[in-house]
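User: I would like to go through this model step by step. Please keep the answers short and end each on the value or name I ask for.

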Amino acid sequence: MPSFGDHYSFSHGRSDHERLRMLCEIHDPYARELLLKAGLNSAHRYVEFGCGLGYVTRWASTQAANAIGTDLSTEHLEEARRLAEAAALPNVEFETANIYEHGLPPESFDYSYSRWLLVHLQRPVDAMKSIYTTLKPGGIMVCEEADLAQIYAEPPSEAYNRIREITLEAARKRGVDFTGGRKIHTWAKEAGFEVLHVGAFQPHFLTGPYKSFWSWTFLALGPAMISEGALTEAELQELAQGMRVADEDPSVLVGQSRTHQLIARKPI
Ligand SMILES: C[S@@+](CC[C@H](N)C(=O)[O-])C[C@H]1O[C@@H](n2cnc3c(N)ncnc32)[C@H](O)[C@@H]1O
């Protein structure tokens, strides 16, 4: 498979759309609350990096003067545009862009947002510097990034424990940090921002469709990890079966990845 981004390990095509929709169903309420807390309003120009299917961008366009969502995946953006047209949203656009060299005009946005993008990048500080260039002086960068080391089941599930550790190690070998959420305040300072707010949340489930989001996500990472030699197909299937047992048992609690939140300002 040709490399996409910094060896982005999920599919960047349609096959990942349903999983991305569930990601948004679980996490968008937190994103909206954070952006409003950061002060996003109808006077502002908003830009999002790694917007995926554009759920947060479309919502932001209803709060801000206008919104641009950018992503490296043309197939994700096609779906993002289709949904914007179906909702007849007038103030939203989507553009294909690699965060490192996005080509957006400098100092032209009041707010930026990204979620679960920087943990997929080998140079997260350079990516934040790239965001910095697009923001006006005093502009606000809002980020939400995951820490996968926090995923667990209680009572403990050997399958959840093993797949989590295999996934973290495979990411390290790829040169990216799947625990990066806990570091975003340090990356922001290094990129020149003033940190205004930090926080974190971690969804937990005993039952319901969202409980298996991480089993699904680990399986979606499977093909990349098998091709990298991190595990075999047989091991993946055995771990998938173990995670299924935990997911289907209403007495087993599944704690998902912890998402770290950041509000930071470009100095005036
Ligand atoms: C885990 S998904 C998250 C999508 C969206 N932010 C959300 O939370 O629903 C990561 C996204 O980053 C995009 N991506 C990966 N590498 C990128 C890069 N170098 N520049 C821009 N986008 C990138 C992928 O195409 C994908 O849409």
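User: How many of the 268 residues, as a percentage, count as buried?

Analyst: This is a predicted model. A residue counts as buried if 20 or more other C-beta atoms lie within 10 Å of its own. Of the 268 residues of the protein, the share that meets this is 43%.

User: How many helices and strands does the protein have, and what is its radius of gyration?

Analyst: The protein has eight helices and ten strands. The globule rule gives 18 Å for 268 residues, and the protein comes close to that value, so it is as compact as a globular protein of that length. Its radius of gyration is 18 Å.

User: In what order do the seven strands of the open sheet lie?

Analyst: The pairing in this sheet is mixed. Its edge strands are β3 (92–96) and β7 (194–201), each of which pairs on one side only. Neighbouring strands are turned by 15 degrees against each other on average, direction ignored. The order is β3-β2-β1-β4-β5-β10-β7.

User: Which helix packs on the sheet and touches β4, β5, β7 and β10?

Analyst: The direction of this helix makes about 155 degrees with that of β5. Another helix, α3 (residues 74–86), lies across β2 and β3 and runs at about 170 degrees to β3. The helix that touches β4, β5, β7 and β10 (258–265) is α1 (residues 17–37).

User: Is strand β4 largely enclosed by the rest of the structure or open, and how many of its seven residues are buried?

Analyst: Strand β4 covers residues 109–115. It pairs with β1 (residues 45–49) in the parallel sense over four bridges, and six bridges join it to β5 (residues 135–147), which runs parallel to it. β4 is largely enclosed by the rest of the structure, because the number of its seven residues that are buried is six.

User: Which residue stands opposite Y113 of β4, and in which strand?

Analyst: Elsewhere on β4, Y111 stands opposite Y46. For Y113, the partner lies in β5 and is V142.

User: What is the handedness of the crossover from β4 to β5?

Analyst: Y113 in β4 faces V142 in β5. Between these strands the chain passes through helix α4 (residues 124–134), which makes a β-α-β crossover. That crossover is right-handed.

User: Which residues touch the most other members of the largest nonpolar core?

Analyst: This core holds 69 residues. β5 gives the most to it, with six residues. Leaving aside neighbours within four places in sequence, V142 is in contact with residues including L34, L35, Y111 and I263. The residues that touch the most other members are Y46, Y111, M141 and V142.

User: Where does the peptide bond from E154 to P155 sit, and what is its geometry?

Analyst: P155 is in the loop between β6 (152–154) and α5 (158–174). Omega of the bond from E154 to P155 is near 0 degrees. The bond is cis.

User: Is A88, with its positive phi, buried or exposed?

Analyst: Phi of A88 is near 50 degrees, a positive value in a residue other than glycine. The residue sits in the loop between α3 and β3. A residue is exposed if 12 or fewer other C-beta atoms lie within 10 Å. A88 has 6 other C-beta atoms within 10 Å, so it is exposed.

User: How many other C-beta atoms lie within 10 Å of E107?

Analyst: E107 is in the loop between β3 and β4. It has a positive phi of about 50 degrees although it is not a glycine. E107 is exposed, and the number of other C-beta atoms within 10 Å is 12.

Note on methods: Residues are numbered from 1 along each chain as its sequence is written. This is a predicted model: local features need pLDDT of at least 70, side-chain atom pairs count only at pLDDT 80 or more; totals for chains, interfaces and linings use all residues. Helices (H or I, at least four residues) and strands (E, at least two) are DSSP runs, numbered from the N terminus. The radius of gyration is taken over C-alpha atoms; the globule rule is 2.2 Å times the number of residues to the power 0.38. Two strands pair if DSSP finds at least two bridges between them. A crossover is right-handed if, with the strands pointing away from the viewer, the path from the first strand over the helix to the second runs clockwise. A nonpolar core is a set of buried Ala, Val, Leu, Ile, Met, Phe, Trp, Tyr and Cys residues joined through C-beta atoms within 7 Å. Two residues are in contact if their C-beta atoms, placed from the backbone, lie within 7 Å. Axes are lines fitted to C-alpha atoms, for helices over the stretch in contact, and angles run from 0 to 180 degrees between N-to-C directions.
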